[in-house]
Amino acid sequence: METSSNTTSARHQPISLLVDPVFRRIWLIGALIGTMRWLDMLVVGIWVFDVTRSAFTVAVVTLLRLVPMLAGVFAGALAERLALQRFLTVALALMTLGYLLLAGLAATGAIEVWHVAIGSVLAGLYWATEMSVRRTLAGEVAGAPRMAAAMALDWATFSITRTIGPLVGGGLYVAIGLAGSYLLGALLFGIGAGLAATLSVGRAARAGRQGRVATIILEGFRTARLLPVVMGTLAVSIVLNFFGFPYTSMVPVIGKDVLLASPIAVGLLSSAEGIGALFGSLLLAWLGRSVWLGRCLLAGSAMVLIGAFGFGASANYLLSLAALILLGCGTGIFATTQSTLILTHAPADQQSRMMGVLTTCIGLGQLGHLHIGLLAGWLGAPGAVLLSTAEGLLLLGLCLWRWPVLWRGGA
């Protein structure tokens, strides 16, 4: 019989989670699909540019992966009406079929850019359900005492896949082209579907299954407004995703034009966030429930914004690299605590809808890429990063003032 012990000491919680057969399957699904996410983004971007020679088209196809996250609140409401285990299995199975079709088109030379664009939308739709379904399942299995460790372990794995995925994708594209990438995607999603089908948790629909989706969505926002920790976490998430994380679009420009770095050195700059995020996530996984989660959310957010500000201000490569590692550490702490705070403070029968609301808030933050792009046209790339992060620090301070419960603990 598969069980999940919630009485393990904080230091041994990550180990206890990985030896739990139920959690391990959910975690492995995330590792497989996370690897494919970053691999696919790189390979598709290279292929689209090779075919069109248009950086704008590459940006549009990439954006198509992000836009569906705005529907995260819908996905959360829908997940609440259905059995999470079945929802996850069906979603992964549909992704498998979609990638098999794209692999066939690529292998026969019949694939067009619009086919790839549809594939990006399909991938985006799956990621819009990630927090409401798979991560919510992981939280259920972990239980409240191990929640922080579970989210930290999940995010640490995500950070590792962010490094592995592009490395594998680049070699795969050179070796067997776009068809090989899609075929690998079908394999990984297929394995994920098989693992999800064997899960013994999340087989029953939620208490909100009788409600209309629109009603569930509205109730989700009403519930969030009544929970100060949840509302503060959502506000901080919007601030960071709008004013902080869009720095990534300026890394190639600053790396080449300001730091005069080679393509390989620019690639190292891009991977620095993942390295730092891994450290930050593992730190929280080790500390487990002993941390002050609200303070960690604020501290991690401040580290991201300060790191990005330092990157924008630096003209020295090593200092820039250090700033991005600091930023990455903050990212790991922030991402871990935002999910943990939502799952631990949302009512037990509304976790999926609350995670859906969080996904939509993250999606809204993607508009920050337009904001920093406009600033770059006015102030240049370094100036855009400096102004955007300064705005973010100001608004983060306002969030602390408005929701002081975060600093008082939020755990």
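**Exercise: covered helices**

Work out which residues of H4 are buried.

*Solution.* Start with the list: Gly72, Val73, Ala75, Gly76, Ala77, Ala79 and Glu80 are the buried residues of H4. Buried means under 20% relative accessible area, exposed over 50%, and partly exposed in between, with a 1.4 Å probe and protein chains only. Next, put that list against the helix: H4 spans residues 72-81, and seven of its 10 residues are buried, so the helix is mostly covered. Helices here are DSSP runs of H or I with at least four residues, strands are E runs of at least two, and both are numbered from the N terminus.

Before moving on, a word on the input: this is a predicted model, where local features need pLDDT of at least 70 and side-chain atom pairs count only at pLDDT 80 or more, while totals for chains, interfaces and linings use all residues. Residues are numbered from 1 along each chain as its sequence is written, and side-chain values use heavy atoms, leaving out hydrogens and water.

Now do the same for H7: why is it described as largely enclosed by the rest of the structure?

*Solution.* H7 covers residues 131-142, and 11 of its 12 residues are buried, so the rest of the structure largely encloses it. The buried set includes Arg134 and Arg135, along with Met131, Val133 and Leu137. Step past the end of H7 and you hit glycine 143, with a positive phi near 80 degrees.

**Exercise: a positive phi outside glycine**

Which residue has a positive phi of about 55 degrees although it is not a glycine, and is it buried or exposed?

*Solution.* The residue is leucine 260. Place it next: leucine 260 sits in the loop between H11 and helix H12 (263-287). Then check accessibility: at a relative accessible area of 69%, leucine 260 is exposed.

**Exercise: ring geometry**

Classify the pairing of tyrosine 247 with phenylalanine 311.

*Solution.* Begin with the total: the structure holds nine aromatic pairs. For this one, the ring centres are 6.3 Å apart and the planes stand at 75 degrees, so the pair is edge-to-face. The rule pairs rings of Phe, Tyr and Trp (its six-membered ring) with centres within 6.5 Å; planes under 30 degrees apart are stacked, over 60 edge-to-face, and the rest tilted. Now trace the chain: tyrosine 247 is in the loop between H10 (228-244) and H11 (251-257), phenylalanine 311 is in H13 (residues 293-313), and the two are 64 residues apart. Both tyrosine 247 and phenylalanine 311 are buried. Elsewhere, ring pairs join Trp38, Tyr99, Tyr126, Trp127, Phe158, Tyr182 and Phe189 into a cluster.

Follow-up: which arginine sits over tryptophan 38, and which lies over tryptophan 407?

*Solution.* For tryptophan 38 it's arginine 37, whose charged end is 5.2 Å from the ring centre. For tryptophan 407 it's arginine 295, at 4.7 Å from the ring centre. The criterion: NZ of Lys or CZ of Arg within 6 Å of the ring centre and within 35 degrees of the ring normal.

**Exercise: helix packing on H14**

Decide how H13 and H10 are oriented against H14.

*Solution.* Take H13 and H14 (residues 317-345): they pack at about 155 degrees, with axes 7 Å apart. That makes H13 roughly antiparallel to H14. Axes are lines fitted to C-alpha atoms, for helices over the stretch in contact, with angles from 0 to 180 degrees between N-to-C directions. Under 35 degrees counts as roughly parallel, over 145 as roughly antiparallel, 65 to 115 as roughly perpendicular, and the rest as oblique.

Now H10: it packs on H14 at about 155 degrees with axes 9 Å apart, and H10 and H14 are therefore roughly antiparallel.

**Exercise: contacts across the sequence**

How far apart in space are the C-alpha atoms of leucine 92 and glycine 194, and those of cysteine 399 and glycine 232?

*Solution.* Leucine 92 lies in H5 (residues 84-107) and is buried at 0% relative accessibility. Its C-alpha is 8.8 Å from that of glycine 194, 102 residues away along the chain. Cysteine 399 belongs to H17 (residues 381-402) and is buried at 6%. From cysteine 399 to glycine 232, 167 residues apart in sequence, the C-alpha distance is 6.7 Å.
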